[in-house]
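User: I'm new to this structure and would love a close look at one part of it. Could you walk me through the salt bridges, and tell me how open their partners are to the surroundings?

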Amino acid sequence: MSAYRTVVVGTDGSDSSFRAVDKAAALAGAAGAKLVIACAYYPADPKDTEVAQDTLREDAYQVTGSAPTYEILRTARERAVAAGAKEIVERAVVGAPVDSLLALVDEVEADLLVVGNRGLNTLTGRLLGSVPSDAARKSTSDVLIVHTVL
């Protein structure tokens with residue numbers, strides 16, 4: 001029997017987060033575990049979104065509401081299937097990434113949370129925290145931090 005029965009992985013649509021999905025899917029597939037792919041988002045006021053898009057440029061997909069979330073989840077599912085996952089659940093969750101992922105881990109009784117290492121070794125990440133460090137510190141399940149930043 002496998003140590004992991006349910007694996008949760010978070011994605012924000014970035015190449016880095018999709019590499020975490022690939023790793024989580026390969027692990028889930030090899031273990032015969034269920035893979036829950038999550039994408040956290042905040043519903044946004046259109047005025048705020050325009051300003052944020054101008055500022056964030058290529059990272060603007062993170063602030064454009066729920067429609068891109070479902071496209072991100074679809075792409076993540078395709079990658080997960082290609083990486084070997086068999087049982088896949090997609091979840092769009094409203095809220096901050098770490099809080100949303102940890103709540104989902106508890107809700108689905110996940111054995112493993114997989115996140116990428118983006119932001120882990122940045123000055124901002126060290127001062128304000130990052131998804132991988134905060135998730136590892138606060139999670140009640142095992143956490144795998146995948147080296148995703150090339």
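Analyst: Happy to! One definition helps to begin with: a residue is called buried when its relative accessible area is under 20%, exposed when over 50%, and partly exposed in between. Please also keep in mind that this is a predicted model.

Let's begin with R79 and D22, whose side chains meet in a salt bridge with an N to O distance of 2.5 Å. This pair links distant parts of the chain, as R79 sits in helix α3 (residues 67–83) and D22 in helix α1 (residues 15–31), 57 residues apart. D22 has a relative accessible area of 23%, so D22 counts as partly exposed. R79, at 29%, is partly exposed too.

Helix α3 also holds E78 and R74, which lie four residues apart, about one turn of the helix. They form a salt bridge of their own, with the closest N and O atoms 2.3 Å apart. Both partners are partly exposed: E78 has a relative accessible area of 46%, and R74 has 36%. E71 joins in as well, since E71, R74 and E78 are linked in a network of salt bridges.

Elsewhere, D111 and R5 meet in a salt bridge at 3.4 Å, N to O. Here D111 lies in the loop between α4 (97–108) and β4 (112–116), while R5 belongs to the segment before β1 (6–10), 106 residues apart. D111 has a relative accessibility of 16%, which means that D111 is buried, whereas R5 is partly exposed at 49%.

These pairs are among the seven salt bridges that the structure holds.

Technical notes. Residues numbered from 1 in each chain as written. Predicted model: local features only at pLDDT ≥ 70, side-chain atom pairs only at ≥ 80, totals over all residues. Heavy atoms only, no water. Salt bridge = Lys/Arg side-chain N within 4 Å of Asp/Glu carboxyl O. Helix = DSSP H or I, 4+ residues; strand = E, 2+ residues; numbered from the N terminus. Buried < 20%, exposed > 50% of the residue type's maximum accessible area, 1.4 Å probe, protein only.
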